[in-house]
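Below is a short briefing on one molecular structure. Please look at the sequence and the 3D view before reading the points that follow.

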Amino acid sequence: MAYPQNPLPLRLIHTNMKKKARRSQETHTNSVQEECCALCRCSDDDPAMFGEKVTLKEHKISVHYFCLLTSCGVYQRGEEDEGIFGFLVEDIKQEVRRSTRLTCFGCKKKGACVGCNVRSCRKMVHFPCGRKQMFVSQFTGLFPSYCPDHSPSQSLCTGLDISLPRSCSICLDSIDPVLSYSILKCPSCHTSWFHRDCVQRQAHSAGLFFFRCTLCNNKEHFQEEMLRMGIYIPERDASWELEANAYAELLEVYKRCDALTCLCNNGRTHSAKSGWFEVVRCRLCGSRGTHRKCSGLKLDTKDWACSDCTQATDGKASLVRSPQGGPRRSLLSKRHRPSVHSSISCKRPSLPERSGSPEELLQSLVPRLHPPSVQVEVIGDQALSAGLDLVRRADFDPTQTLSVRFKDIDQTPLPNHLWDSDTAKEYFLKLLMQQIQECVVFEGPDGSKNLALDSEALREDLYFDVGCLLALSLVHGGPPVGFFSRALYQCLFNYPANRPLNVTHMTPDTHFTHQVTRITEAESLEELKEVMAVSWEYLELAGCNRPISSLKEREALVEDLVSFTMITRMQLPLQRFREGLQTLGVFDQVQLFPSVFCGIFCEAGDHLTAQTMGQLFTINFSEQEEKLNRETPVVTFWRHFLLECEVGRSSISLQDLLHFATGSAKLPAVSALSSPSISFLHPLAPSLLGFKEGRGVDWRDEGLFPQSEPVSKHLLLPVTSSYQAFKSSMEQAISHHVHLLPTDG
């Protein structure tokens, strides 16, 4: 047997094995350190509880997003794509070095970077330890954290019965209704209780648009309270909306012939693009199909109901046919919301941002419009009918621009040269808003309309269509709505938030209003019981037919009746109306800034003033010095003329003047066009006009009248020698125009 020459000494072999083991252990230790968060020293990866954990391999550093947001000594000084969400790597390392000197109040180890925001309090923790020690970190503003001694708390509602058994409204496990760090409640309904961890996971899943109370559905007040109590709400869409192909199965259509005898040689699953062997689906259930040939249908038949649906509707399947005549296109709503910045996920020292005017907020929705334009044909003055035909088209796309054409010359007050123009569109939108206000879905006095309950309107889905038309009108530059009641605005957008409705919000002169008013005005308990006995059917319908033992119980009874009449009874109309307003993102924009848009929906358009008119027009002066010297006094004439129109010292009004210049007597809620402009009309030379010297009349004041181009919103002012000549010229031309064109009056 042969042996190798010069074998390695045994001691050297053991030394090499120890070095390899040491290197392997060091590599494993470095790998574990890279996986641990540099700020909290924790390797847990739970995005709902600690935020997303980001690892930068080139810098060998990992951090939790919540640890970055709540750390006392680090801020976002970079752009969003720099470092980790704008936190620079050097700043993070500096914060790690700073925290190595600080001891955690919970685990007693070094590296605490989250401190109580109260200056006199010295408690410091790691973020995960802070959750165990009941620290509250607010993910808004400057992202402060508070220890249990200084953290915010919730209070019980007066008169709340906590003796009833309760459960977490999210996980449905039993829960003791005792407010604490781990038990929270809804600030609106006070009946929704939940675990802190449950509501945090719900917020992480639902995102900013869908996070709301699971019982009362309140969103605005609920989100404010949850932020105050340390719940992080990610500024993104819901997780189920972000999944790839999450709703792919909804795009699958049924393609199989279910006739008793299939005559197709290619089998039941064959479906041609057209002809006898195209599979026609049931228009009611969509889960049954047939070849035209197999069921004896005509070659052009597209409307067919299966036997099951026909039996279920007693052979009258047409009664439940979709009023839209075809599938709707997906309307732009929350998926393409405007870029509204929030401080929820941004840790930067900055000034609070202003929401802007309603015109500016609606203007942000205008870029969603794109060519080609869709043709709207209006017969006479039937604007509402034309609008309903538009939104009920099978190929309706709300992002297309509008091109309006009026038919029937005898019934249309617009002159021929204004047809197919922007002025025609503005006139159409004005008529549309007037006719919507008078349609069957609204009731109540002018300027304060509530939704009306109409069975035919529900069957035709008119509430959705009207909401869609209102949204289109606002984005396309139509006039403000101006006729909603405050109660209707509150029911739609919860503004003012969580304020109970009362009998004054009900529609006047209706049967229900009279009954509630009689209950409210009862002066004694006996009179109240008599009124309730007469109105027992209404009380039974509202679920309020209960015994009353004192007048003190009347207030709660009236509140329940008003809530039933205006909210519970109107749930379906309100829901469909909201869904219609989601067209082009209008509803979501209003819901983000309800106080800003209240004047657009609930109050008539702003009263025209001389100052408003003066600021509306852009003045374009001539470049020649001689003409410029003549035009400067005319600007003074113009401003003085506006003041006289405002105070009634002129034969025309500011509305007449605006209508003459722009084609509309009201300021639009938003306009995608350029602002109106002014230039000047100079007189010709006296020799060209046939004047001779010495007549005693200034030749510049003869034959000059203002001219307008409503399509381009351009006004030409006459250059005259005196204010009286300027005023006379303006009044003559505009008065003549008022008699030819319709006004908003």
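The largest nonpolar core has 84 residues. Within this core of the predicted model, the residues with the most contacts are F428, F442, F484 and F601. Helix 14, which covers residues 462-475, gives the most to this core, with 10 residues.

**Nonpolar cores**

- F484 can be followed through its contacts, leaving aside its neighbours within four places in sequence: among them are F442 and F601, which are also listed with F484 as having the most contacts inside the core.
- F484 is also in contact with G447, S448, K449, L470, L492, F577 and C602.
- A second core, separate from the one above, has 37 residues. A38, L39, L56 and F66 are included in this second core.

**A buried glutamine**

- Q490 lies in helix 15, which spans residues 486-493.
- Is Q490 buried or exposed? Q490 counts as buried because its relative accessible area is 11%, and the cut-off for buried is under 20%.
- Leaving aside neighbours within four places in sequence, Q490 is in contact with Y495, P496, R499, P500 and L501.

**The sheet**

- Four strands make up an open sheet with mixed pairing, and their order is 17-18-20-19.
- Which strands are at the edges of the sheet? They are strand 17 (618-619) and strand 19 (707-709), each of which pairs on one side only.
- In general, the strands of a sheet pair through backbone hydrogen bonds, and this pairing is either parallel or antiparallel.

**Strand by strand**

- Strand 17 pairs with strand 18 in the parallel sense, over two bridges. One residue to look for is T618, whose bridge partner in strand 18 is S677.
- Strand 18 (residues 677-681) is mostly covered, since five of its five residues are buried.
- Strand 18 and strand 20 run parallel and are joined by five bridges. Here I678 stands opposite L715 of strand 20.
- Strand 20 (residues 714-718) and strand 19 run antiparallel, and three bridges join them. Between these strands, Q707 has L716 in strand 20 as its bridge partner.

**A helix on the sheet**

- Which helix packs on the sheet, touching strand 19 and strand 20? Helix 25, made of residues 654-662, does so.
- The direction of helix 25 makes about 60° with that of strand 19.

Terms used. Residues are numbered from 1 along each chain as its sequence is written. This is a predicted model: local features need pLDDT of at least 70, side-chain atom pairs count only at pLDDT 80 or more; totals for chains, interfaces and linings use all residues. Side-chain values use heavy atoms; hydrogens and water are left out. Two strands pair if DSSP finds at least two bridges between them. Contact means heavy atoms within 4.5 Å. Axes are lines fitted to C-alpha atoms, for helices over the stretch in contact, and angles run from 0 to 180 degrees between N-to-C directions. A nonpolar core is a set of buried Ala, Val, Leu, Ile, Met, Phe, Trp, Tyr and Cys residues joined through side-chain atoms within 4.5 Å. Buried means under 20% relative accessible area, exposed over 50%, partly exposed in between (1.4 Å probe, protein chains only).
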